[in-house]
Amino acid sequence: MSARTHILLGAPGSGKGTQAKRLVDELSLSHLSTGDILRDAVSKGTELGLRAKAIMASGKLVDDDTVNGLVFARLQDETQDVLFDGYPRTLQQAEALGNFLSSKGIGLGFVVNVDVPPEVLEARVVGRRTCSNNACGAIYHLESKPPKTEGVCDLCGSPLKHRADDTSEAFRSRMGEFNATFQPLLAFYSGGPNYRRVDGNRHPDQVFGSLVQLFREKA
Ligand code: AP5
Ligand code: MG
């Protein structure tokens, strides 16, 4: 079981996935993205995936009990410290996670808000392309991070895809969900000793530098 869990908070397109992928390598953490777990279930056509597919494509949130169940099952098997990306994202999830961690004696590490002004997010999301090989999952952008060969992942050679929820319409719905849930979540965490805000509206390397520095602080 993990000793500690860290959390990256942030809006759709704020850079949670981009940063998490680098941080887990740098700091030997295990990456737990509920979006990735759900997308994997959708692509495999599992019972969960069939249930989640339309909800995710429309930009709505999957219900709390389902997501909490996925996370707690994963945590049971984890031996490394965990970095959450996209979880928790409702107050109910944050409270349930807190109870679960306490019951298992797992510590809460850093809670980092990757803060990006809303006006830059849509272009990030609509221009995103991701590797279709779920084991790789590399993240690109048509303008700010294009692959060397159009449509092909630099890292594993698999075709790139456009996420079903990376349309302007689904983005607006996702922002609606974010705006409805984020303030209570922030209120829940921001008074804690390990809460930090990082300016996510800089070059990804600069954001990464700040995050590494922060994670190397003694919590
Ligand atoms: P999820 O996969 O978690 O999506 P999200 O939170 O909307 O976040 P994104 O993955 O869109 O953005 P990101 O912050 O990871 O940004 P990225 O690094 O890719 O959730 C998807 C869906 O699953 C939800 O809508 C819901 O249905 C369901 N779900 C998941 N978790 C759930 C939960 N806990 N409860 C209920 N439902 C849940 O970057 C975006 C783009 O920007 C990329 O193209 C990247 O190259 C570019 N970029 C990144 N950083 C920078 C930078 N610093 N400057 C310029 N461009 C940048
Ligand atoms: Mg992501």
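The shell around ligand 1 is a mixed bag: its residues split into 11 nonpolar, 12 polar and 10 charged. For that tally, Ala, Val, Leu, Ile, Met, Phe, Trp, Tyr, Cys and Pro go down as nonpolar, Asp, Glu, Lys and Arg as charged, and the others, Gly among them, as polar. The model is a predicted one, with local features requiring pLDDT of at least 70 and side-chain atom pairs pLDDT 80 or more, while totals for chains, interfaces and linings use all residues. Residues are numbered from 1 along each chain as its sequence is written, chains are lettered from A and ligands numbered from 1 in written order, and side-chain values use heavy atoms, leaving out hydrogens and water.

Of the 33 residues around ligand 1 (a residue is near if one of its heavy atoms lies within 4 Å), those that come nearest are Thr18, Thr34, Lys60, Arg128 and Arg174. Several polar contacts (pairs of N or O atoms within 3.5 Å) can be picked out. In the side chain of Thr34, an N or O atom sits 2.7 Å from a nitrogen atom of ligand 1. The backbone joins in too: a polar backbone atom of Lys16 is 2.8 Å from an oxygen atom of the ligand, and a backbone N or O atom of Tyr140 is 2.8 Å from a ligand oxygen atom. Taken alone, ligand 1 exposes 1000 Å², and the protein buries 95% of that (accessible areas by the Shrake-Rupley method with a 1.4 Å probe). Elements giving two or more residues to this shell are α1 (16-27), α2 (34-44) and β6 (139-141), and α2 supplies the largest share, 4 residues. Helices (H or I, at least four residues) and strands (E, at least two) are DSSP runs, numbered from the N terminus.

Turning to helix packing, α4 (residues 64-77) and α5 (residues 91-104) pack with their axes 10 Å apart, at an angle of about 30°; axes are lines fitted to C-alpha atoms over the stretch in contact, and angles run from 0 to 180 degrees between N-to-C directions. The two helices, α4 and α5, are therefore roughly parallel to each other (angles under 35 degrees). The crossing of α4 and α5 is right-handed, the near helix being turned clockwise from the far one by less than a right angle.

Two loops have backbone quirks. Pro88, in the loop between β3 (82-85) and α5, follows a cis peptide bond from Tyr87, with omega near -10°. Ser28, in the loop between α1 and β2 (30-33), has phi near 55°, a positive value in a residue other than glycine.

Technical notes
Polar contact = N/O pair within 3.5 Å; in protein donor to acceptor, adjacent residues only side chain to side chain. Parallel < 35°, antiparallel > 145°, perpendicular 65-115°, else oblique.
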